[in-house]
Amino acid sequence: MALVRSRRQNADAAATRFDFTLLELLITGAIVALLAGMVLPALNRARDQAREITCAGSLKQLSAAHVQYAQASDDFTVPPAVKWEWWKYWPGNPLFRSLLGLESAFYQSRAEYEASYPVFPRGMACGKAVRAQEPDLQGRRGNITYSYGINAEQAGGEVPSGYAGFKLSRIKAPSGLMAYADGLNARLSKGFADPRGNYWKTGEAAGSFAIPYRHRSRTALNAAFQDGHVAETRWEQVRDNDIFWVDKRAFVFRD
């Protein structure tokens, strides 16, 4: 009998050790919620910072290849497009792609382009570019123009008569003239730079030409400049600073 009582007492003691009062459970829950409230925002900030670093790093790759392209092309920089045919835009430029370590992918027709557009590594996509994370209608990923665009204003928006391109060495302030930046389309135009009537209304909708301000609570973008550096730029500067867009002294015209 003594042995039975001893075992029962031990079992009761063990059960007692693992019992919690309602107050203790409430306190534990409150502590867990408090810790989660402290940790989750920090994790979100860290994730956003990682995405911003990826965006800036990819633009740095584009700008470095841009400068190398000029060194290999008699000082001419990467043209936005050939004869402004959209399937011959800069993402498929053979020399530019080779400088990025990618295979050539220049297309001669719209059908060719749609069958196999110039894909870039998914790791180059901006983590904050919504459409860049999704497959297109053919199930393909890697369309770089959902993440970044080229400065089309430096070619006068539309190509001026006799325009042959522009030379890097003729730019007075290459550190202030944008080459590439966050984009929703292959071409970036100043007319879509004001977010109040564009990006803040349309977001990252398909077919939009809006300049996307994905950083600093949707008030800034990452831009790669003609000298190769990358910097975060607020929307007011993008909208108001003409030097950010064009330096006509660098234009070269055919005879």
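Cys55 and Cys126 are both buried in this predicted model. A disulfide joins Cys55 to Cys126, with an S to S distance of 2.0 Å. The link is right-handed, at 80° about the S-S bond. Cys55 sits in helix 2, while Cys126 sits in the loop between helix 4 (110-115) and strand 1. The two cysteines are 71 residues apart, and the pair links distant parts of the chain. The structure holds one disulfide.

Now step back to the whole chain. It has six helices and seven strands. Along the sequence, these elements follow the pattern α-α-α-α-β-β-β-β-α-β-β-α-β. The chain has 255 residues, and 42% of them count as buried. Take the contacts in the chain with a separation of 6 or more: residues 24 or more positions apart account for 65% of them. The chain exposes about 14000 Å². Carbon and sulfur atoms supply 57% of that area.

Next comes the interior. The largest nonpolar core has 26 residues. Leu62, Trp90, Phe96 and Tyr180 have the most contacts inside this core. Three elements give two or more residues to it: helix 2, strand 1 (148-151) and strand 3 (178-182). The largest share comes from helix 2, with five residues. Which residues does Leu62 touch, leaving aside those up to four places away in sequence? They are Trp90, Phe96, Leu100, Phe120, Met124, Tyr148 and Tyr180. Apart from this core lies another, of 16 residues. Leu184, Ala210, Ala223 and Trp245 are among its members.

Helix 2 also has a place in the story of the surface. This helix covers residues 22-72, and Ile27 is in it. Ile27 is partly exposed, with a relative accessible area of 45%. A nonpolar surface patch is made by Ile27 together with Leu23, Ile31, Leu34, Leu35 and Met38. The patch measures about 620 Å².

Charged side chains come next. Side chains of opposite charge can pair when their charged atoms come close. A search of the whole structure finds nine salt bridges. One of them is formed by the side chains of Asp182 and Arg214, at 3.9 Å from N to O. Asp182 lies in strand 3. Arg214 lies in the loop between helix 5 (199-202) and strand 5 (220-225). The pair therefore ties together parts that are 32 residues apart in sequence. Are these two residues buried or exposed? Asp182 is buried, with a relative accessible area of 0%. Arg214 is buried too, at 5%.

A second pair is Asp242 and Lys190. Their closest N and O atoms are 2.1 Å apart in the salt bridge. Asp242 lies in the loop between helix 6 (235-240) and strand 7 (251-253). Lys190 lies in the loop between strand 4 (187-188) and helix 5. This salt bridge therefore ties together parts that are 52 residues apart in sequence. Lys190 counts as partly exposed, at 25% relative accessibility.

Arg234 and Glu236 form a further salt bridge, with the closest N and O atoms 3.0 Å apart. Both partners can be placed by their accessibility. Arg234 counts as partly exposed at 43%, and Glu236 counts as partly exposed at 27%. Salt bridges also link Asp194, Arg196, Arg239 and Asp240 in a network.

Two backbone details finish the walk. Asp74 is not a glycine, yet it has a positive phi of about 55°. Asp74 is found in the loop between helix 2 and helix 3 (94-99). At 56% relative accessibility, Asp74 counts as exposed. Arg218 is not a glycine either, and its phi is positive at about 65°. Arg218 lies in the loop between helix 5 and strand 5. With a relative accessible area of 35%, Arg218 is partly exposed.

Definitions and conventions. Residues are numbered from 1 along each chain as its sequence is written. This is a predicted model: local features need pLDDT of at least 70, side-chain atom pairs count only at pLDDT 80 or more; totals for chains, interfaces and linings use all residues. Side-chain values use heavy atoms; hydrogens and water are left out. Patches are made of residues with over 30% relative accessible area and no salt bridge: like charges are joined within 9 Å, nonpolar side chains (Val, Leu, Ile, Met, Phe, Trp, Tyr) within 5 Å. Accessible areas come from the Shrake-Rupley method with a 1.4 Å probe; for residues, only the protein chains shown count as cover. A salt bridge is a side-chain nitrogen of Lys or Arg within 4 Å of a carboxyl oxygen of Asp or Glu. Helices (H or I, at least four residues) and strands (E, at least two) are DSSP runs, numbered from the N terminus. Buried means under 20% relative accessible area, exposed over 50%, partly exposed in between (1.4 Å probe, protein chains only). A nonpolar core is a set of buried Ala, Val, Leu, Ile, Met, Phe, Trp, Tyr and Cys residues joined through side-chain atoms within 4.5 Å. Contact means heavy atoms within 4.5 Å. A disulfide is a pair of cysteine sulfur atoms within 2.5 Å.
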